[in-house]
Amino acid sequence: MHPRPSLSLLPRFCTFLPFATMSSKTNTFHLEQPLNYRAGARIQPVDGSHSEEVYEPATGRVLGKFLFSGEKEVDLAVQSAKAAFKIWSQKSGMERSRVLLEAARIIRERREEIATMETINNGKSIFEARVDVDISWQCLEYYAGLAGAIAGQHVQLPGGSFAYTRREALGVCVGIGAWNYPFQIACWKSAPALACGNAMIYKPSPLTPISVVMLAEIFTQAGVPNGLFNVVQGGASTGQFLCQHRDVAKVSFTGSVPTGIKIMEMSAKGVKPVTLELGGKSPLIIFSDSVLENAVNGALMANFLTQGEVCCNGTRVFVQREILEAFTEEVVKRTQKIKIGDPLLEDTRMGALISRPHLERVLGFITQAKEQGAKVLCGGELYVPDDLKLKNGYYMRPCVLGNCRDDMTCVKEEIFGPVMSILPFDTEEEVLERANNTTFGLAGGVFTRDIQRAHRVVAALQAGMCFINNYNISPVELPFGGYKMSGFGRENGRAAMEYYSQLKTVCVEMGDVESVF
């Protein structure tokens, strides 16, 4: 779902080589502890009658089973969060700030442990997982800095009277996360929520249920009241119980458009505010005056991070015809060199997709693209690593498609896999019309050395996140969110504070009350 910050973080990874080169951790972890978290402790749900298996994508191995939460467990989590909210919301912003800073410190301290667990459960490379963890503690530090700055406004009225506004917490907020950035998304949602004085109940994807419970334990260790951050595991029915609970004040969801629509419908019955961060089919526009190496690097970053399982990826790569051949040749050459395999090895740059069904779905898009006339320039098939313990993992070779048209399914629909579609264009006016011809509006990018054209193009793009001469960078200081069916509301930046708080106006009369009656 989410892009990452500047790659200036990446050189620091080499200091962790002695610890992380041990790929012996692949194929060894087994899930033993409960994955629900309520009132400051791991627990089994009281009405968990349905169990699901959780997999290691790198090997296809079952890590263990966990129970889905029913209506009773959801209610207990809400009541626990309500009790904690009464304590937390009365603390000053500076008091909340100190706790969030301590949580950030613990995350930094446990960086390798969290990243390893994220890799085991998600399949992404340890290289990327460490970046996710760094984004996570940076997010907590950022909102710790804002917690003490939450304030209202004073307004002078006639006759010495005055009014003021108070920015207050909402109450118990629900976060529902996606499987592509399990730990990071939980931090993106919980950090501003807790900074504003709210409690949060978090439901991770059932495909990646493990690492969020580590975050819950870290919050408890940092000093939040027991119950302030609870975790309930489950699927659609668990999400429904959360969205429809009378004591839930707000829902923040990251995931697919169809599920987002259902979340919105369920929340509407209780008139609950909703933040939706949904899918995308974002355009990346490369003009002929671009620095070719930068454009190629940008296209690779826009398509192949986290095995292409990123909602804001620029998967429609529009290339001006004058440089189409040179750009395509270089992209294909670089794509073929991407190291695939054991995600816990330091030199791996592409791990396993999230599940067998998802892998088959992505390959199905490629088959359909060929049937519709697209040309597979490289990749697009299953990959079986030499290491026998990885033979049942969910790997594929990253794919570049040429000879694409705007009406092809691979160009119109979100694939959510390592598949890049290259489309030629001639003029700025033409490419803008084509780029905006989509129901999505999450992100967009442009590569050009013409600064006027760069700003002109991003102003015309119908997208919430735009990049000039780069792609998929997202510092926590900047708001993140989309237009159109990519959702609404914002995460990160100061803007997120508005979505986790509400404004109260207070009028104070300093004189006598006059009446017309």
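# Worked exercises on a predicted model

Isoleucine 210 is buried, with a relative accessible area of 5%. The structure is a predicted model. Its chain has a mean pLDDT of 95, and 95% of the residues reach 70 or more. The pLDDT falls below 50 over residues 3-23, a stretch that still has 54 contacts in the model beyond near neighbours in sequence.

## Exercise 1

Place isoleucine 210 in the chain, then list the residues in contact with it, leaving aside neighbours within four places in sequence.

**Solution.**
- Step 1. Find the element. Isoleucine 210 sits in the loop between strand 8 (199-203) and helix 7.
- Step 2. Check the exposure. Buried means under 20% relative accessible area. Isoleucine 210 has 5%, so it counts as buried.
- Step 3. List the contacts. Leaving aside neighbours within four places, isoleucine 210 touches Phe29, Leu31, Leu35, Val54, Leu63, Met117 and Asn121.
- Step 4. Look further off. Phenylalanine 318 is 108 residues away along the chain, and its C-alpha atom is 38 Å from that of isoleucine 210.

## Exercise 2

Describe how helix 4 and helix 7 pack: what is the crossing angle, and which residues meet?

**Solution.**
- Step 1. Choose the descriptors. Two packed helices are described by the angle between their axes and the distance between the axes.
- Step 2. Read them off. The axes of helix 4 (residues 111-122) and helix 7 (residues 211-222) come within 9 Å and cross at roughly 155°.
- Step 3. Classify the angle. Angles over 145 degrees count as roughly antiparallel. Helix 4 and helix 7 are therefore roughly antiparallel to each other.
- Step 4. Name the residues. Helix 4 brings Glu113, Ile114, Met117 and Glu118; helix 7 brings Ser211, Met214 and Ile218.
- Step 5. Sort them. The contact of helix 4 with helix 7 has four nonpolar residues, one polar and two charged.

## Exercise 3

Work out the strand order of the three-stranded open sheet, and say which strands stand at its edges.

**Solution.**
- Step 1. Start with strand 5 (residues 154-156). It pairs with strand 6 (residues 162-169) in the antiparallel sense, over three bridges. Valine 155 faces alanine 163 of strand 6, and glutamine 156 has phenylalanine 162 as its bridge partner.
- Step 2. Inspect the connection. Strand 5 and strand 6 form a hairpin with five residues between them. Glycine 159 in that turn has a positive phi of about 70°.
- Step 3. Add the next strand. Strand 6 also runs antiparallel to strand 20 (residues 501-508), joined by eight bridges. Threonine 165 stands opposite threonine 505 there.
- Step 4. Assemble. The order is 5-6-20, with antiparallel pairing.
- Step 5. Find the edges. Strand 5 and strand 20 each have a single partner strand, so one side of each lacks a neighbour in the sheet.
- Step 6. Add the twist. Direction ignored, neighbouring strands of this sheet are turned by 20° against each other on average.

## Exercise 4

Describe the seven-stranded open sheet and the helix 10 that packs on it.

**Solution.**
- Step 1. Write the order. It is 14-15-16-13-12-17-18, with mixed pairing.
- Step 2. Find the edges. Strand 14 (375-378) and strand 18 (465-468) each have a single partner strand, so one side of each is left without a neighbour in the sheet.
- Step 3. Add the twist. The average is 25° from one strand to the next.
- Step 4. Take one pair. Strand 17 (residues 443-447) and strand 18 are parallel, over four bridges. Valine 446 has isoleucine 468 in strand 18 as its bridge partner.
- Step 5. Add the helix. Helix 10 (residues 292-304) touches strand 12 (283-286), strand 13 (316-320), strand 15, strand 16 (419-425) and strand 17. Its direction makes about 135° with that of strand 16.

## Exercise 5

Alanine 39 and asparagine 403 have a positive phi. Where does each lie, and is each exposed or partly exposed?

**Solution.**
- Step 1. Recall the background. Most residues other than glycine have a negative phi.
- Step 2. Take alanine 39. Its phi is near 55°. It lies in the loop between strand 1 (36-38) and strand 2 (41-43). Its relative accessible area is 40%, which makes it partly exposed.
- Step 3. Take asparagine 403. Its phi is near 60°. It lies in the loop between strand 15 (399-402) and helix 13 (409-412). Its relative accessible area is 57%, so asparagine 403 is exposed.

Notes
Residues are numbered from 1 along each chain as its sequence is written. This is a predicted model: local features need pLDDT of at least 70, side-chain atom pairs count only at pLDDT 80 or more; totals for chains, interfaces and linings use all residues. Side-chain values use heavy atoms; hydrogens and water are left out. Helices (H or I, at least four residues) and strands (E, at least two) are DSSP runs, numbered from the N terminus. Buried means under 20% relative accessible area, exposed over 50%, partly exposed in between (1.4 Å probe, protein chains only). Two strands pair if DSSP finds at least two bridges between them. Axes are lines fitted to C-alpha atoms, for helices over the stretch in contact, and angles run from 0 to 180 degrees between N-to-C directions. Angles under 35 degrees count as roughly parallel, over 145 as roughly antiparallel, 65 to 115 as roughly perpendicular and the rest as oblique. Contact means heavy atoms within 4.5 Å. Ala, Val, Leu, Ile, Met, Phe, Trp, Tyr, Cys and Pro count as nonpolar, Asp, Glu, Lys and Arg as charged, and the others, Gly among them, as polar. pLDDT is the predictor's confidence in each residue, from 0 to 100.
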